Amino acid sequence: MSWQVLAYIGPGAGFAFLGSFLAVVLSLLASFVSLCIWPFRMLWLALRRKGRFGKARAKKVIVLGLDGLEPKLTERWMAEGKLPHLRGLAEGGFYGRLRTTCPPLSPVAWSTFATGVNPGAHNIFDFLNRNLRTYAPELSSARVTKSDRVWKIGKWEIPLSRPSVELRRKSKPFWEILGDSGIGSTILRIPITFPAVPFDGKLLSAMSTPDLRGTQGSFSWFSSDSDESSVEGGVKLPLTCADGGWRGDLPGPGSTSVSFSIEIGGAGDWVLRIAGRAWNLIPGEYSPWIRLSFPAHGIVRFLLTKTEPTVSLYVTPVEIDPENPALPISHPAHYAVYLAKLLGSFATLGMAEDTWALNEGAIDEDSFLKQAKLIQAERETMFFSALDRTRRGVAACVFDTTDRMQHMFYRHLNGDGRYSGVIEDLYRDMDRIVGRALTYVDKNTTIFVLSDHGFCSFRRGVNLNSWLHQNGYLALQPGQNEGGEYFEGIDWSRTRAYTFGLSGLYLNLQGREGQGIVKAGEAEQLRTELVERLSHLMDGADLAIQAVYESNRIYRGPYLDAAPDLIVGYAPGYRASWGAAVGRVTEAVFEDNNKCWSGDHCVDPSAVPGVLFTNQRCAAPNPGIEDMAPTILRLFGIDPPSWMEGRALLT
Amino acid sequence: MKGKTTVKLNTALCDRARKLVETVGYSGLEEFIEHAMERDLARLETSESKEELLRKLQGLGYLK
């Protein structure tokens, strides 16, 4: 008898085979159906678009946003011939200062740009909003809530569904209105577009997109001579000696982390080993984006900042991996994946240039500049790739490197040191990008180059909580002279007004705030009194506050209840102090600002208008950022809806 | 971002609202209804802990 060895084929293999087979069959079927209906879809789209473009003055609109481009600097360098493309645009078309929003903050101004309405109708008044019951601060633009369905295993919590994400900017952006009429748009990195909302077009989110840890950007700073400690905007962590090198644990979301090691390799170069791969690290140079799994997918860059006598390593915040995004950073969802596959990985964090890492000394000026330029290069590649593919409709991109670099290098602007030319070089580089964009402009194309606000220096901080305390409007708990972050130590039962964020002042209104004491009948008088006392507030011989605005006089719309009661227009050189912005009460009202963050725009809007350039003639007086959405709609032959407040500039 | 949910509402009520929403600054009926829901939810929902809210703000360049 001969023995036969019979292989056993269990049911699992059958399921696997049938599953794969079914997937292939369904894919083929879907492709076939898609192919069959393709001519009808194209015909339908063509019919919809034919009607629309028939009334249009432009087939294509290019919007190039340069966040924070300052008119005075632009005008000076245009006159000196240093910005030839912007100057040419101004001479052949139009240049003017663009009225910004009150307050002149990017989330507020870009929301008005998108929707054509004032903050009272789009609900974005500052970076922060407050919980009316608890006074706790919240990000004004998006709400990310953890999944409430989790599987707990010991100390681990595994979410069983994705987090819930809500965009808190209201009203309707112009690209959605265009999409309703079959006119497509590609919207890249316009602030306050996270989460990406579905519409007929493509969108990549920007400002307020969190990192993988759920923060607005937390860097990791490893050092061979430090223990774990918190620094502003990040965490300092130890590198421990191991096997002739150093080892660290990079924190991810929740309690997750990924281990890595660095060592000097055989050729004398530094080698980083992480997630099963090795990377060469050159001191002072950023690594490429490295993809990690926590298991949520993130990307980071490493930078070896010091090698002797101690080793120091900076790691960017763990950003959402565009190739496998954990949160909705684009529409369609696969658009971020497509961009990453086509152009390479890219920064996804809302404010990706790591200003706190420079403030805290984790990186130096040169490393910050390198980081900003890497991010700028990614945006430029993305923008011109979109322009290559846009024959009709809108292609819009906001470059925010202009804003971040002016914040950090304004102190060098009028000096003669090594970095005194950084801002001028930045403006020249933006002019180069404008020149490149102009090569995509033909007779059917309208281009807009604009900034949402200008810039000025930030030399002195004003703590209005301290002023309110000293003048009897805000009370601390008995025995305290100072209050901690976010109103710690404030006695709400005796407080009539308070501030936090960058420009708002709030009444502690009964029936609105959780522990409000100001009666509705007293509010008007209190507002008037504060406006009178704070307008033209002096810091010694210098003007610190130019004007104070009552929100119910400058805003209108359904979200007025959420607005601060007063908006403070600081004089150039001043801003809400770092303490006041986080709700602290200090003994001094005024303080020097000694941080690298030395330029700002959180001042009176009249002091920091933006810029507007276009290749079209424009005779409209005093253009404002709220005019942009109706102008773009009108260029495509669409009447702006009744709720839009701006007017079309090009008639 | 989660998608949209369809809710059946009284037609006459919606017609009344539709006539007014744009005059007060809403971009449409949906926005008006969502705002009405948000206002009531803000009173009813328990908010996240202060520590969690502060953690989410970490790294925002404008704030210490």
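Visitor: Why is helix α3 (residues 84-92) of chain A called oblique to helix α11 (residues 422-438) of chain A?
Guide: In this predicted model, the two axes cross at roughly 55° and come within 7 Å. Axes are lines fitted to C-alpha atoms, for helices over the stretch in contact, and angles run from 0 to 180 degrees between N-to-C directions. Under 35 degrees counts as roughly parallel, over 145 as roughly antiparallel, 65 to 115 as roughly perpendicular, and the rest as oblique. The crossing therefore makes α3(A) oblique to α11(A).

Visitor: Which residues make the contact between α3(A) and α11(A)?
Guide: On α3(A) they are A:P84, A:H85, A:L86 and A:L89, and on α11(A) they are A:D431, A:R432, A:V434, A:G435 and A:L438; contact means heavy atoms within 4.5 Å. Five of these residues are nonpolar, two polar and two charged. The nonpolar class holds Ala, Val, Leu, Ile, Met, Phe, Trp, Tyr, Cys and Pro, the charged class Asp, Glu, Lys and Arg, and the polar class the others, Gly among them.

Visitor: On what conventions do these statements rest?
Guide: Residues are numbered from 1 along each chain as its sequence is written, while chains are lettered from A and ligands numbered from 1 in the order in which they are written. Local features need pLDDT of at least 70, side-chain atom pairs count only at pLDDT 80 or more, totals for chains, interfaces and linings use all residues, and side-chain values use heavy atoms, with hydrogens and water left out. Helices (H or I, at least four residues) and strands (E, at least two) are DSSP runs numbered from the N terminus.

Visitor: How do you know that A:D400 and A:R379 form a salt bridge?
Guide: The term requires a side-chain nitrogen of Lys or Arg within 4 Å of a carboxyl oxygen of Asp or Glu. For A:D400 and A:R379 the closest N and O atoms are 2.6 Å apart, and the pair is a salt bridge. A:D400 lies in the loop between β25 (393-399) and α10 (401-409) of chain A, and A:R379 in helix α9, 21 residues apart.

Visitor: Why is A:D400 called buried?
Guide: Buried means under 20% relative accessible area, exposed over 50%, and partly exposed in between (1.4 Å probe, protein chains only). A:D400, at 1%, therefore counts as buried, and so does A:R379 at 3%.

Visitor: What makes A:R301 and A:E378 a link between separate parts of the chain?
Guide: Their side chains meet in a salt bridge at 3.1 Å, N to O. A:R301 sits in the loop between β20 (297-300) and β21 (302-306), and A:E378 in helix α9 (residues 365-389), so the pair ties together parts 77 residues apart in sequence. At 10% relative accessibility A:R301 counts as buried, and A:E378 counts as buried at 14%.

Visitor: How many salt bridges are found over all chains?
Guide: The whole structure holds 48.

Visitor: Why is strand β2 (residues 94-98) of chain A described as largely enclosed?
Guide: Four of its five residues are buried, so the rest of the structure largely encloses the strand.

Visitor: What makes β2(A) a partner of strand β37 (residues 610-614) of chain A?
Guide: Two strands pair if DSSP finds at least two bridges between them. Five bridges join β2(A) to β37(A), so the criterion is met; the strands run antiparallel. A:G96 stands opposite A:L612 in β37(A).
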